[in-house]
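This report looks at how one protein chain is packed, beginning with its nonpolar interior and then turning to its overall form and surface.

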Amino acid sequence: MAYQLVSNFKPQGDQIKAISELTAGVLEGKTDQVLLGATGTGKTFTVANVIKNIDKPVLVLAHNKTLAGQLYSELKEFFPHNRVEYFISYFDFYQPEAYLPGSDTYIDKTTKSNSEIEMLRASALNSCLERNDTIVVASVACIYGASDPREYERMIFTIRKGMDITRREFISNLVDRQYQRNDIEAKGKCFRVRGDVIDIFPGWDDSFYYRIEFFGDEIDNISKMDFLNNHRLENYNVLRIYPADDYATSHERMRMAVKRIEQELKERLKYFEDNSKLLEKQRLEQRCTHDIELLKEFGMCPGIENYSAHIDLRSEGERPYTLLDFFKNDFLVVVDESHAMLPQIRGMFNGDRARKQTLVDYGFRLKSALDNRPLRFDEFMGLTNQKIYVSATPGDYELEKVDNQVVEQIIRPTGLLDPVVEIKPSLNQIIDIVNNINKQIKNKERTLITTLTVRMAKELTDYLKEKNIKVAHLNHEIKSLERIEIINDLRNGKYDVLVGINLLREGLDLPEVSLICILDADKEGFLRSNKSLIQIIGRAARNEHGRVIMYADRLTKSMEYAISETNRRRQIQEAYNKEHGIIPHTIIKDIRDNIHSKEVLNEIDNYLKKKKKLTKLEKDRIIDTLKDEMNLAAKNLDFEEAARLRDLIIEIKEE
């Protein structure tokens, strides 16, 4: 269906011109466009209107998971009748395999995957194949290896009401698509058999399951069932059953892959022997022989991604399949915060190659493991046709692509001005920060503080806690979905202050924040460049009382440029406000629910207080949540809370 934009707002100010120019550019076939949009001018709303005006799938790229989650929530709200999907790395923790020759240290891959994100990724792939009105919000994970879309499509199993098929044959088809039979526990990627009824639990959504009812050797009924209460939601005449896993491979292709692996292994072992590298030969032979046996028996082995070139039947050096290959027709790419996103894409290949080359040279992996890699920058650009680069501070690459002919969006429909920037000396800066925070708290407004180092951020957070200030520290160790919770907690008033490093720069939409404190503003570098400073300043541009304090002992060129550009934009907005009689007011923006449906502790307590009888699935979800909270409490040395959570886990298990 066509894109249906649902919103109470109408384009205003610069948005009208920006939407018109960008839409015309897409329809005319322009390959590159730049939207230079100041913070708070409604760039996402502008992009949503452009999407509404075109008839093609859209890939929206975000350079961190927090921003991706925010964009996903906003676009899902704008397009409730269309497919809006989320595609990021499904690892909450990822320690890649590596070898350090200097100390002869081998580091095995260690991961902690997130099943919820795994479902969202699978849903994104399915939507790309199924519908044209699909918007996928993705991180840099989109340039890493995925299943061969042609093989994936071949494994899609279409059934119809009245179809002649035996129950045995139907079950065989499910097993071929990597579903596992489980007649006891209802969980994703499984199916259960009860007489002439087969229930299929998909791997891309845990809110429903499919019920297939047989009458003899004929499919009598196809239904969609609610997972929790088993009510019938919908009946189908035709149903497409997607593979259980987003990296699905047929048995025939796996057999071909094993033959290729065996041939490469034979050649590589001969190479090591000819070069008197007997230790490397032994390592490789032992590992690959074991992996080959597992692939023959189960179609799976640890580190199977290192054999992806053989499984996909790719030639040496050929690029991997990625999410981009699942977009069938011509699609539009929106690169949000392009000044940060493009360098991130450009840097992925070399870092990955350096690590894997060492593993190959020392006999830990076959040479073909090098082809399990992210796309090179030129490959990414070659796979994408039309692109819109969105940023308040576009990089030189984007500006060169459009010969500096950018679409500007400076005016905010709300009339809000860019914040007032003040420079203060670093002497007694902490005392000054505390005094300003206390004023903020009295006005029920929030504060962001950005530092240059993790150590300083942690020490400042601890100091503010001693002053009885409600403060949180945002850092790279926090899980992707938990970051969104912390942002919402700041907006809800659970915290008054958020301290961090570069995580506070781009894309955080926080209208409650009216003060930003920048420590070490005069330390020239990436985190204090002119573009970074403009981004940081922009975080306070959604509040009518927005102001920024730079703590510095000298005026750098970056500071001078950032202050000058901020004042230029402020003057343009002031003139627009005067002409249209606009009085600036802080943006009122709903606090959206988090992407995930994780139970919070007070809900768990309510379950226990009511002594409500829980299903096994509910118990498992609650126990997993409690374990995470218990580990976090122990890590923070809050042993009393950890013990309480441990007792809750025991109580639920014994119930």
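## Nonpolar cores

In this predicted model, the largest nonpolar core holds 57 residues, and those with the most contacts inside it are Leu-59, Leu-61, Phe-170, Ile-200 and Leu-323. Helix H4, spanning residues 115-130, supplies the largest share of this core, namely five residues. Apart from this core lies another one, made up of 33 residues, among them Leu-35, Phe-45, Leu-332 and Val-334.

The surroundings of Leu-59 can be described individually: leaving aside residues up to four places away in sequence, Leu-59 touches Val-136 and Ala-138, and also Leu-323, Leu-324, Phe-327, Phe-331, Leu-332, Val-333 and Val-334.

## Overall fold

The secondary structure of the chain comprises 20 helices and 25 strands. The radius of gyration is 27 Å, close to the 26 Å that the globule rule gives for 655 residues, so the chain is as compact as a globular protein of that length. Taken along the principal axes, the box filled by the C-alpha atoms is roughly 75 × 65 × 65 Å.

Among contacts between residues at least 6 apart in sequence, 73% join residues that are at least 24 apart.

## Burial, surface and charge

Of the 655 residues in the chain, 53% count as buried, while the accessible surface comes to about 30,800 Å², with 49% of that area belonging to carbon and sulfur atoms.

The chain carries 98 positive and 106 negative charges, and the mean positions of these two sets are 1 Å apart.

Terms used: Residues are numbered from 1 along each chain as its sequence is written. This is a predicted model: local features need pLDDT of at least 70, side-chain atom pairs count only at pLDDT 80 or more; totals for chains, interfaces and linings use all residues. Side-chain values use heavy atoms; hydrogens and water are left out. A nonpolar core is a set of buried Ala, Val, Leu, Ile, Met, Phe, Trp, Tyr and Cys residues joined through side-chain atoms within 4.5 Å. Buried means under 20% relative accessible area, exposed over 50%, partly exposed in between (1.4 Å probe, protein chains only). Helices (H or I, at least four residues) and strands (E, at least two) are DSSP runs, numbered from the N terminus. Contact means heavy atoms within 4.5 Å. The radius of gyration is taken over C-alpha atoms; the globule rule is 2.2 Å times the number of residues to the power 0.38. Accessible areas come from the Shrake-Rupley method with a 1.4 Å probe; for residues, only the protein chains shown count as cover. Lys and Arg count as positive and Asp and Glu as negative; His and the chain ends are not counted. The place of a charge is taken as NZ of Lys, CZ of Arg, CG of Asp or CD of Glu.
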